[in-house]
Amino acid sequence: MLKVRGLTKKYGDTEVVRGLDLTVRRGECFGLLGPNGAGKTTTLRLLLGLIEPDGGSIELAGIAVPQHAREARMKVGVVPQMDNLDPDFSVRENLLAYGRYFGMSKAAVTARVPELLDFAGLASKADAQIAQLSGGMKRRLTLARALVHDPDILFLDEPTTGLDPQARHLIWQGLRRLINAGKTIVLTTHFMDEAERLTDRLAILDHGRVVAEGAPRALIETHIEPAVVEVFGEGLADWTGQHAADLCQRFETVGETLFCYTSTPDIVIDALKHAPALRYLHRPSNLEDVFLKLTGRDLRD
Amino acid sequence: MNPLFRLPRLSARFIPVWQRNYLVWKKLAIPSILGNLADPMLYMLGLGYGLGSLLPDVGGMPYLTFLAAGTVAYSTMNAATFEVLYSSFSRMHVQRTWDAILNAPMTLDDVMLGELTWAASKSLLSGVAILAVIWGLGLYGNFWMTLWIIPVVALVGFCFGGMGLVMNAVSPSYDFFLYYFTLVITPMVLLCGVFFPVSQLPAAVQGVSAWLPLTHAIDLARPLVVGTVPDNIALHVIALLVYGSLGYIVALALTRRRLLK
């Protein structure tokens, strides 16, 4: 459905995307993860043909981009990072106007509107103005708008950023339905739970490059020890100095917490019983641990 | 290849963009029409009658007629300029409506052609409303001849729409547009023969005035109000077309740099 080879994009002397290779199969939900500035949004804009790459090739739904970007965009629905619903129109009018941009006849869009409103859970808000909608409703409408022309593939740029947990779950539910209906989805996100929950495969981007790619579970198994013991409390520095290197396969201290990565957490926990001032949290390692291991803990903004 | 500077690719795909603006306008048509028309009409009638009663014929016609002919062009210019400055800027920069449209199979060429044709359409309404006042007050020489003012007004709207889009492309905020009004629009109103004949200006200034688009607009509109065939029609039409097209082409390149970098 999407094939990217050697994609590069430079702004001045800065290479924002550096030789990116990606393959997304039909019906797959694919995640693009990466810290701020990793090149996720730039990549999406390149895939849509909105900006011209400096090198490499893109094939989207079998169509070469940017050479035939317009034809390719006929097959893609986009949910952008920032809401850009048309505030001069009501909910229903937003869908009608957007369908026209795809060359749809009024009858064709009108016929689709009830289904889309239903999908977005906005049937009762059809005539509401955009300013009256909550953040979650706006996102759902943006998602419905992206489906107006029944695209094969959906691009979602941080679809749940800024939403409360209830609203996020509704979006996830909607995306699940789309995946079950056979749509191909490419989404960027900062939320590891979102990526673990939704994506079949994902790529972690850093500095414009793929640093790891695979199914979420497989990435966790390949890149990281199975368990983490987070240790914190009075006297952590001393304890770390004396024991961490012996007990953990890998460890790092971030702020006032020691992250001890290990395949034998029981040994660590036994040792901690002799240090009653310290508290700990034992958990299975997750995608966030992989992400932080591969992209580091430095702030990117 | 520098993709920022290529010639526009025009297509009928601009129509949904035009239609979008039309549908939004339709919701507030009455206040919008009043806002657009009341101001120039009040000036025209107030100055035309008030000042006109003190004046002999100006440019070979009663002052009210002289001013009405100028106001057709002036009012059209203002309507087109306001539309592509404030309204287009809202849609491009504040509401991000253009971004949303560009995710559909539309190009910036389509979006900006839609904006330009919409500005021309809206300003056509302004010009024609002044024309209606001219008809109502019987200020014309030959009714059939005044019908030619309608295409002239559309052309004037196109011209100033294209020019204004350049400002839209480079503006960081609404405040920036004041430069354009103070440095371009207002001087033009005073130099191009809206309120008094260009022949009253010093020779050097007349030379400048001859190059300004509003002068060409008025040189077409005023004879048509009086009922004579304008001189140098081709020159004026081409001048307005060139200003508008160049504006659109430059604005497109600058906006591409702004939005699609």
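## Close-up views of a predicted two-chain model

**View 1. The two domains of chain A sit with their centres 40 Å apart.** In this predicted model, the centres of domain 1 and domain 2 of chain A, taken over C-alpha atoms, are separated by 40 Å. Domain 1 covers residues 2-215 and domain 2 covers residues 225-284, according to the domain assignment.

**View 2. Chain A combines 11 helices with 14 strands.** Take a moment to look over the whole chain here. Its C-alpha atoms fill a box of roughly 75 × 45 × 35 Å along the principal axes. Of the 301 residues in chain A, 42% are buried. Among the contacts in chain A with a separation of 6 or more, 69% join residues that are 24 or more positions apart.

**View 3. Chain B meets chain A through 19 residues on each chain.** On the chain B side, α1 (15-27) and α4 (97-102) each supply at least two of the residues that touch chain A. Helix α4 of chain B gives the most to this side, with 5 residues. Sorted by class, the side of chain B that touches chain A has 10 nonpolar, 5 polar and 4 charged residues.

**View 4. The largest nonpolar core brings together 153 residues.** Welcome to the interior! The residues with the most contacts inside this core are A:C260, B:A68, B:V156 and B:A221. Helix α3 of chain B (residues 63-94) gives the most to the core, with 17 residues. Chain A takes part as well: domain 1 (2-215) and domain 2 (225-284) each provide at least three residues of this core.

**View 5. A closer look at B:V156, one of the residues with the most contacts inside the largest nonpolar core.** Which residues does B:V156 touch, not counting residues up to four places away in sequence? The partners are B:A73, B:T76, B:M77, B:G127, B:A217 and B:L240.

**View 6. Confidence in chain B ranges from helix α2, where it is lowest, to helix α7, where it is highest.** Helix α2 (residues 29-50) of chain B has a mean pLDDT of 86, while helix α7 (residues 149-170) of chain B reaches 98. Over the whole of chain B the mean pLDDT is 94, and 98% of the residues reach 70 or more. For the complex, the predictor gives an ipTM of 0.90 and a pTM of 0.92. A friendly reminder for any predicted model: where pLDDT is low, the coordinates should not be read in detail.

Note on methods:
Residues are numbered from 1 along each chain as its sequence is written. Chains are lettered from A and ligands numbered from 1 in the order in which they are written. This is a predicted model: local features need pLDDT of at least 70, side-chain atom pairs count only at pLDDT 80 or more; totals for chains, interfaces and linings use all residues. Two residues are in contact if their C-beta atoms, placed from the backbone, lie within 7 Å. Helices (H or I, at least four residues) and strands (E, at least two) are DSSP runs, numbered from the N terminus. Ala, Val, Leu, Ile, Met, Phe, Trp, Tyr, Cys and Pro count as nonpolar, Asp, Glu, Lys and Arg as charged, and the others, Gly among them, as polar. pLDDT is the predictor's confidence in each residue, from 0 to 100. Domain bounds come from an automatic or database domain assignment. A residue is buried if 20 or more other C-beta atoms lie within 10 Å of its own, exposed if 12 or fewer, and partly exposed in between; C-beta atoms are placed from the backbone. A nonpolar core is a set of buried Ala, Val, Leu, Ile, Met, Phe, Trp, Tyr and Cys residues joined through C-beta atoms within 7 Å.
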